Amino acid sequence: MKDPDWRADEETLDRIGRMPKVELHLHFEGAAPPSFIRGLAKEKKVDLSRIFRPDGSYDYRDFWHFLEVYEAATSVLKTPEDFARLCRAVLEESAANGVVYSETFLSPDFCGGGDVSAWKDYLLAIRETAEEAERDLGITLRGIVTAIRHFGPDKARQTALCAAETAGDWLTGFGLAGDEKKGKQRDFTWAFDCAREAGLRLTSHAGEWNGPQEVREAVEDLGVERIGHGVRAWGDRAVVDMLAEREIVLEVCPGSNVFLGVFPSLAAHPIAKLRKAGVKVTVSTDDPPFFHTTMRREFEDLAKTFHWDEEVFDELNRTALDAAFCDAATRDAVLKRLEPK
Ligand code: HPA
Ligand code: ZN
């Protein structure tokens, strides 16, 4: 930015909020509006009242309780048809917030319990719905199969086999999410090697709850090209420099980090410092209704807090699209949607 005293006026903020956006880090079930999950629970006669507040939002105390509530919410998604309906709801919400390209974490554990043939049915239902939404909402979706760290390495192997069986032009990545305090990145090398051999591109959650060493281990032990969060790398200059040198892309979720208390405020969040240090940063929502955020809100809050102008957001979008796990033809088509009209 040229003028350090530059501040976005209301009109500029509105323009930034309405910009087209590229999102790389979105948990599929975590994007389910609470009303959607409540409706499904009612249809299936499942009592999920414990996971909602009186105002209808999701109710949890901290990250670890969030993971429990997440799994409870997910328990009412039982069939490929349920996931197809979820897909439509999620993409409508993303498109309404200006997202033109999105990558979402999908877990065979929640889609058929890790059985390859069941997983194929779920994936087909999700993909068909996404393709329909692409035609009528103008948003492109790609899937990243995601192992869940606290389910352990054996489950992750099964998940990687599901991913390998369905790798292609739509299911393009493999990742690791869940409780970062359980096990080590290297416990998942078999799963990541299997996914890599199937042609999948790799990302792993690291440096959301654990420190810089976790981020180093994701890069060195699993060979990922992107990191989910990675923001706690900021504690160690050598790790920050390693990320910059290797051009590892961070899928930063500032609203999620602040909501969960990883940092006390957006002003205290290291995203701007990481960017200044030459690390490739991108912006995502993680689990938007759980953290009371949207991509539009993320852009607006970052603009207000760090006085970023449209040029910066354009750079963030392009960094994200460059790092997207899609083919060149898809990237070119999305790039056209980023260009000012
Ligand atoms: N972080 C880690 N694991 C997750 C998340 C998250 O935000 N959402 C769902 N699984
Ligand atoms: Zn995440």
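1. A word on terms before we start: Ala, Val, Leu, Ile, Met, Phe, Trp, Tyr, Cys and Pro count as nonpolar, Asp, Glu, Lys and Arg as charged, and the others, Gly among them, as polar. Please keep in mind that this is a predicted model.

2. Let's begin with the surroundings of ligand 1. The residues around this ligand are His27, Phe63, Phe66, Leu67, Tyr70, Ala177, Gly178, His205, Glu208, Asp286 and Asp287. Sorted by type, the shell holds five nonpolar, three polar and three charged residues.

3. Which helix gives the largest share of the shell around ligand 1? Helix α3, spanning residues 63-74, supplies four residues, and that is the largest share.

4. Now look at the polar contacts. A nitrogen atom of ligand 1 lies 2.9 Å from a backbone N or O atom of glycine 178. For glutamate 208, a polar side-chain atom is 3.4 Å from a nitrogen atom of the ligand. Aspartate 286 also takes part, with a polar side-chain atom 2.8 Å from an oxygen atom of ligand 1. The protein covers 96% of the 260 Å² of accessible area that the ligand has on its own.

5. Where does ligand 1 sit? The space that it takes is the largest cavity.

6. Finally, turn to charged pairs elsewhere in your view. Side chains of opposite charge can pair when their charged atoms come close. Across the whole structure, a search finds 26 salt bridges. One of them joins aspartate 169 to arginine 127, with the closest N and O atoms 3.3 Å apart. This pair links distant parts of the chain, 42 residues apart: aspartate 169 is in the loop between α6 (153-166) and β4 (171-177), while arginine 127 belongs to helix α5 (residues 116-137).

How values were computed: Residues are numbered from 1 along each chain as its sequence is written. Chains are lettered from A and ligands numbered from 1 in the order in which they are written. This is a predicted model: local features need pLDDT of at least 70, side-chain atom pairs count only at pLDDT 80 or more; totals for chains, interfaces and linings use all residues. Side-chain values use heavy atoms; hydrogens and water are left out. A residue is near a molecule or strand if one of its heavy atoms lies within 4 Å of it. A polar contact is a pair of N or O atoms within 3.5 Å; within protein, one must be able to donate a hydrogen and the other to accept it, and residues adjacent in sequence count only if both atoms are side-chain atoms. Accessible areas come from the Shrake-Rupley method with a 1.4 Å probe; for residues, only the protein chains shown count as cover. On a 1 Å grid over the protein atoms alone, a cavity is a set of points where a 1.4 Å probe fits but cannot get out, and a pocket is an open set with protein on both sides within 12 Å along at least five of seven lines; lining residues have an atom within 4 Å of a point. A molecule sits in a cavity or pocket if more than half of its atoms lie within 2 Å of its grid points. Helices (H or I, at least four residues) and strands (E, at least two) are DSSP runs, numbered from the N terminus. A salt bridge is a side-chain nitrogen of Lys or Arg within 4 Å of a carboxyl oxygen of Asp or Glu.
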